[in-house]
Amino acid sequence: MQVDYAIIGAGPTGLGAARRLQELGAENFVVLEKNAHPGGLAASFKDAAGYTWDIGGHVVFSHYDYFDRMLDELLGADQLRHERRAYVRSHKTWVPYPFQNNIRHLPREPKWRCVQGLLPGKRPEGPPANFHEWIHCVFGQGIAEVFLWPYNYKVWAIPPARMSASWVGERVSIVGLEGVLKNIILELDEVGWGPNNMFAFPAFGGTGEIFRRMAAPLSGRIRYGEAVASIDAAQNTLTTSAGQVISYKTLLNTGPLDLLMLQQMTAAPDALREAAALLKHNGVHVAGVGVGQRFPHQGQRDDRCWMYFPESDCPFYRVTNFHNYAPANAPGPGKSAFLCETSFSEHKPEELSGLRERTL
């Protein structure tokens with residue numbers, strides 16, 4: 001088989017590339033997907049009890065017209081739009097997200113620790129060498145100890161001191177002493193920060209519904225259940241798990257780089273193999289907990305989207321109220337769907353045996 005483009009993976013990136021090729025009039029391409037379904041880590045499944053689950057807490061937001069038009073074209077009226085309502089569980093209370101903007105909700109002692117760390121002369125000066133130091137320099141020791149250090153270790157499964165801070169960008173809300181004191185004294189909540197303050201979600205089928213619909217018109221070019229066994233980059237050929245040899249002009253890999261270089265590429269240059277061996281990764285155990293009732297939040301209907309858990313009294317770093325994303329995610333009215341995420345890595349091992357009980 002000969003193609004102009006061979007794409008490894010029918011996740012969002014692979015499907016997006018295939019869709020764009022088709023828009024540009026390129027028809028001679030193939031997408032190889034090892035699973036029997038599209039979507040990759042953005043796929044969704046319905047369990048035997050009728051609950052729909054994502055593989056992780058995904059929300060769909062964009063600042064790109066092309067993507068927004070595509071989403072409207074794919075989902076049309078079958079999408080719901082939400083204003084983000086997120087909270088942090090800290091010191092036996094709920095603090096609206098972003099935490100550092102809303103520490104007024106903390107008990108007095110940790111609230112003072114957070115303010116004290118922002119006082120003049122309390123924060124290190126000079127360029128931070130890593131993410132741990134960046135948090136200390138920007139937010140002070142109090143906010144760092146109460147939330148940002150333990151939470152970031154819990155979510156990334158890597159000590160912040162082993163991470164750079166160059167990736168932070170718009171992912172962390174920056175707040176100063178004046179803003180913190182203003183919110184405390186005037187009793188203000190500042191909850192609108194961030195690029196995902198408003199997000200869309202499919203009315204049914206979970207996040208995976210987006211990619212099922214994206215894959216449908218490409219079905220003749222997607223080969224499911226067919227992984228890439230080996231790649232001969234010198235000859236521009238690859239061999240699939242079914243034994244078929246495909247010649248290509250251009251190869252797009254959307255899978256893990258270390259697997260590409262260390263397992264699939266038959267004669268990768270030594271420098272690339274050595275670089276791939278240095279790559280680090282983490283993973284997430286996702287537990288879906290279905291409950292036959294709803295629970296009030298502060299005496300009212302719980303309209304929260306998700307909750308962060310930085311403390312060590314539970315294994316997960318985040319719980320999503322998945323029933324609030326779309327009513328169809330639960331098998332009936334009044335039922336709850338809690339999506340719980342627990343990270344793991346070589347720095348933060350998690351025993352899968354017993355994790356279900358600890359999560360419940």
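**Entry 1: charges and overall build**

I began with the charges: the mean positions of the 35 positive and 36 negative charges of the protein chain lie 5 Å apart. For this I counted Lys and Arg as positive and Asp and Glu as negative, leaving out His and the chain ends. I placed each charge at NZ of Lys, CZ of Arg, CG of Asp or CD of Glu.

I note that this is a predicted model, in which local features need pLDDT of at least 70 and side-chain atom pairs count only at pLDDT 80 or more, while totals for chains, interfaces and linings use all residues. Residues are numbered from 1 along each chain as its sequence is written, and side-chain values use heavy atoms, with hydrogens and water left out.

I looked up the secondary structure next and found 10 helices and 16 strands in the protein chain. These are DSSP runs numbered from the N terminus, helices being H or I of at least four residues and strands E of at least two. The radius of gyration is 23 Å, close to the 21 Å of the globule rule for 360 residues, so the protein chain is as compact as a globular protein of that length. That radius is taken over C-alpha atoms, and the rule is 2.2 Å times the number of residues to the power 0.38. The C-alpha trace spans about 70 × 50 × 45 Å along its principal axes.

I then checked the surface. About 18,500 Å² of the protein chain is exposed, and carbon and sulfur atoms supply 54% of that area. The areas come from the Shrake-Rupley method with a 1.4 Å probe; for residues, only the protein chains shown count as cover. Of the 360 residues, 46% count as buried. Buried means under 20% relative accessible area, exposed over 50%, and partly exposed in between (1.4 Å probe, protein chains only).

For contacts (heavy atoms within 4.5 Å), I took pairs at least 6 apart in sequence; 65% of these join residues at least 24 apart.

**Entry 2: helix H5 and what follows**

I went through helix H5 (residues 177–185), where Leu177, Val180 and Asn183 are buried. Seen down the axis of H5, the buried residues fall within an arc of 135°, so they line one face of the helix. The arc is that of the directions from the helix axis to the C-beta atoms. The buried residues of H5 pack against helix H3 (108–116). Glu178 and Ile185 are exposed on the other side of H5.

Glutamate 187 comes just after H5 and has a positive phi of about 55°. I place glutamate 187 in the loop between H5 and strand S8 (198–202). Glutamate 187 counts as exposed because its relative accessibility is 58%.

I followed this to arginine 104, which touches Lys111, Asn183, Ile184, Glu187, Leu188 and Asp189, not counting residues up to four places away in sequence. Arginine 104 sits in the loop between S7 and H3. At 21% relative accessibility, arginine 104 counts as partly exposed.

**Entry 3: backbone exceptions**

I kept the general background in mind: most residues other than glycine have a negative phi, and most peptide bonds are trans. Which two residues does a cis peptide bond join? I found tyrosine 97 and proline 98, with omega about 0°. Proline 98 is in the loop between strand S7 (93–96) and H3.

Histidine 91 has a positive phi of about 50°, although it is not a glycine. I find histidine 91 in the loop between strand S6 (86–90) and S7. With 31% relative accessibility, histidine 91 counts as partly exposed.

**Entry 4: other sites**

I looked at histidine 136 in helix H4 (residues 131–156). Is histidine 136 buried or exposed? Histidine 136 counts as buried, its relative accessibility being 19%. Beyond four places in sequence, histidine 136 touches Lys122, Arg123, Pro124, Gln141 and Trp149.

In helix H7 (residues 257–264), I found Asp258, Leu260, Met261 and Gln264 buried. The buried residues of H7 pack against strand S10 (228–232), strand S12 (245–253) and helix H8 (270–277).

My last check was arginine 81 in strand S5 (residues 79–83). Arginine 81 counts as exposed, at 56% relative accessibility. Its contacts, not counting residues up to four places away in sequence, are Asp72, Phe199 and Ala200. The C-alpha atoms of arginine 81 and alanine 200 are separated by 4.4 Å, though the two residues are 119 apart along the chain.
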